[in-house]
Amino acid sequence: MNLQNVLDNFQTFNNFARNERNGGINRIAFTHPERLAALKFSMLCQKAGLDVYFDFFGNVIARREGKDPSLKPVVLGSHIDTVKDGGQYDGLLGVLAALEVIEHLNAHQIETDHPIIVIAFACEESTRFNEATLGSKYLTGKMTKNDMKHIKDNEGNILYDVVEPLSQDMHGKAALFERNQIKAFLELHIEQGPILEKNDKDIGIVTDIAAPHRFKLSIQGVTSHSGSTPMPMRIDALTASSEIILSIESIGQAYHDQGIVTTVGYANVYPNTMNAIPGEVTLLIDIRGKDLAVREQVVTEIQQQIQTITQKRKTVYHLEDLGQDDPRSFNHKMAQITEQSCLQSDYSFRYMYSGAGHDAMNFAPICPTSMIFIPCKKGISHSPEESVTEQQIAKGIQVYIDTTIELAKLETILED
Ligand SMILES: [Zn+2]
């Protein structure tokens, strides 16, 4: 592995996307810096001898031929976009690491049995269109061109109208990404959480990916004068909400060891003034888990608590279901191969699940899929403070290279 080459690439990509005021990286989906990065990446792939094209959505897809071109490809990749004022490694690590796998194979003149495809996904972050992993959803058939006509960004621009003028849509090659057309999908990513660092591990082998079920809760009380309404006569929507928020937290804590996290991340209080009893509160509730049945059990308990508390406090509520995604399990055989790669290099590792969503979750239903995590400082991500050491990057890429070489062998069979 040529670590210096990887570090230089990080500099190149981040230097023209950096907000000089706070150090944050800005490659927001389909803006100039993000498209420039995709173009730059496509040129590096071309230089590495790959057959490169952009699909309609602006994903960069680059293929290195195998001994037998008719075999299913091993697919590597991650996303090239960032959140607003994001970090230097989220997404870009997996993109540059995938390229380094190719550079390593080239430098050692390794010819793999299966072809290898490297992808830089567009629009993984929900920053602009309020929906995540759109590039991989398009590639795996979960989002059609027609669906794009119904998705808008924060300024009302329609996704299809943003994408279409930029698109190349070469030869309809994206049809490759259908069920059973890929041997394996493997993504390297920073953990974006504190577990690896806290446990002093080099590598996380991801077994499952959690998914959210989200709700909007409106609670109606009675707005009245804070001075002239006696305590027993109040119907306070904010104190009722407070009790609900605490109960959502304690239900999450009770299910913590089963991989549940519960969050109320938004509250809107009306009239939100010092001298009036709050008459209305709106909360946004995010419930995540890696096991669908456990998560839905938690949803039921939260719904019961909302009913009990609002009844006791004589408030009225309306609970709106904002939708849910399915948790995904990854391929066991691929995890074992990654474990072998760690043992071979004497790196410490642990099996874990991902609390955050990633492009890999869209591949799990159509092909054997896995993810590799490396630690990041204090688990901080989506922030200019995001930090990873050179050594952590080197270990992650080494495992990525070794796992990919094993996956691309004809004799490696992945069925669970
Ligand atoms: Zn990411």
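How many residue pairs are in polar contact between domain 1 and domain 2 (both at pLDDT 80 or more)? The count is 0, where a polar contact is a pair of N or O atoms within 3.5 Å; within protein, one must be able to donate a hydrogen and the other to accept it, and residues adjacent in sequence count only if both atoms are side-chain atoms.

Some ground rules first. This is a predicted model, in which local features need pLDDT of at least 70, side-chain atom pairs count only at pLDDT 80 or more, and totals for chains, interfaces and linings use all residues. Residues are numbered from 1 along each chain as its sequence is written, and side-chain values use heavy atoms, with hydrogens and water left out.

**The two domains**

Domain bounds come from an automatic or database domain assignment.

| Domain | Residues | Residues in the contact |
|---|---|---|
| Domain 1 | 3-210 + 327-407 | 7 residues |
| Domain 2 | 211-324 | 8 residues |

Contact here means heavy atoms within 4.5 Å. The C-alpha centres of the two domains are 37 Å apart.

Between them, domain 1 and domain 2 bury about 580 Å², with 65% of it on carbon and sulfur atoms; buried area is the accessible area (1.4 Å probe) that two parts lose on being put together, summed over both. On the domain 1 side, 78% of the area buried against domain 2 comes from A210, P327 and Y353, more than from any other three residues. Salt bridges (a side-chain nitrogen of Lys or Arg within 4 Å of a carboxyl oxygen of Asp or Glu) number 0 across this interface.

**Rings and backbone**

Now to the aromatic side chains. Rings of Phe, Tyr and Trp (its six-membered ring) pair if their centres lie within 6.5 Å, with planes under 30 degrees apart counted as stacked, over 60 as edge-to-face and the rest as tilted. The count is 9 aromatic pairs. One of them, F56 with Y138, is tilted, at 6.2 Å centre to centre and 45° between the planes.

Two backbone details are worth a look. The peptide bond from Y270 to P271 is cis, with omega near 0°. F30 has a positive phi of about 65°, although F30 is not a glycine.
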